[in-house]
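User: I'm new to this one and would like to know what the labels rest on. Could you walk me through them?

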Amino acid sequence: MKVPTYKVQSFQTPKTGQTMLNVQANVNAATQAIAAQGELFKTASNISLDFLRAETKMQRATELADLENKFVSQMQGHSLKALDNKNPAAMLASWDASSKRTINDLSRGISDPVVKKRFLASAANTVTSSRGNIMKLARSNRIDQSKAVHLEKIRVLKKQITHGNSLEKMQAMRELFGTPGDPSPDFGSPAMPSIFQKMENLGLISAAGRVALEAETRVGVESSDIYQDLSAAAISGNP
């Protein structure tokens, strides 16, 4: 198709002088120029948007990493502080309160909702995994405390066997080593587990630990009985 060409001739005037002016307008060329300019603007706009997205992504990732570092660091401090608390229930309650306070303090200064959402999710995961360790620590402290109480009771019962009267000795021996029980229908009595078996049932000692502790206690009680017999014989003069 032939592109139309328009010609305009300006007539001679005193202002134009003797030169004739010819002007031609190519519609196709003008259209192509406008389209090219539009493509240029579109490309520039896309480049700007890509750059903005990349910058926003990097800024969010940097801010989130900084928040996570601060949170982990403070959580480590809370865990170390928990080691000083020997009360298992108070330890866990204090750790929970410190964790929540730290999350609130750090999230309060986050202006970007995307960063805030991601930080809260990350903090929740950290708290969940760390709380398991704190619960194990609390359980360990509870076991240590209970084990110490039972070991002290064993010491007291051994002392009662050594220095108590016959009834006190019998009661102490029953608590220490238990009784098999009496199945008779009239005067029967249920079996009584030893204090060592009770400790194993509570998870304070293992089965091997129970056997070793019971054997050690028996040796101590028997040695005390031998010592008392020798002392009594020395006093009476009948060895």
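Analyst: Sure, starting with a term: a polar contact is a pair of N or O atoms within 3.5 Å; within protein, one must be able to donate a hydrogen and the other to accept it, and residues adjacent in sequence count only if both atoms are side-chain atoms. This is a predicted model, where local features need pLDDT of at least 70 and side-chain atom pairs count only at pLDDT 80 or more, while totals for chains, interfaces and linings use all residues. Residues are numbered from 1 along each chain as its sequence is written, and side-chain values use heavy atoms, leaving out hydrogens and water.

User: What makes the link between Asn-87 and Ala-89 a polar contact?

Analyst: At the start of α2, a side-chain oxygen of Asn-87 comes to within 3.2 Å of the backbone nitrogen of Ala-89. The cut-off is 3.5 Å, so this pair fits. At the start of α3, a side-chain oxygen of Asp-112 likewise reaches to within 2.9 Å of the backbone nitrogen of Val-114.

User: Why are α2 and α3 called helices?

Analyst: Helices are DSSP runs (H or I, at least four residues), strands are runs of E with at least two, and both are numbered from the N terminus. Helix α2, residues 88-107, has 20 residues, and α3 has 51. The protein chain holds six helices and two strands, in the order β-β-α-α-α-α-α-α.

User: How do you know what span to expect for α2?

Analyst: The expected span is 1.5 Å times one less than the number of residues. For α2 that gives 28 Å, and the model has 29 Å from first C-alpha to last, which is close. For α3 the model reaches 73 Å, close to the expected 75 Å.

User: Why is Asn-141 called buried, and what is Lys-198 called?

Analyst: Buried means under 20% relative accessible area, exposed means over 50%, and partly exposed lies in between (1.4 Å probe, protein chains only). Asn-141 has 10% relative accessibility, so it counts as buried. Lys-198 has 37%, so it is partly exposed. Asn-141 sits in α3, and Lys-198 in α5.

User: What does Asn-141 touch?

Analyst: Contact means heavy atoms within 4.5 Å. Not counting residues up to four places away in sequence, Asn-141 touches Asn-85, Lys-86, Pro-88 and Met-91.

User: What puts the buried residues of α2 on the same side?

Analyst: The buried residues of α2 include Met-91, Trp-95, Ile-103 and Leu-106. The buried set covers an arc of only 165 degrees around the axis (taken from the directions from the helix axis to the C-beta atoms), so they share one side of α2. The face turned away from that side carries the exposed residues Ala-89 and Lys-100.

User: What makes a group of residues a nonpolar core?

Analyst: A nonpolar core is a set of buried Ala, Val, Leu, Ile, Met, Phe, Trp, Tyr and Cys residues joined through side-chain atoms within 4.5 Å. The largest here has 17 residues, and Leu-67, Phe-71, Phe-119, Val-127 and Ile-134 touch the most other members. Its largest share, six residues, comes from α3. In soluble globular proteins, nonpolar side chains tend to be buried together.

User: How confident is the predictor?

Analyst: pLDDT gives its confidence in each residue, from 0 to 100. The chain's mean is 78, and 69% of its residues reach 70 or more. Among the elements, strand β1 has the lowest mean, 49, and helix α5 the highest, 93.
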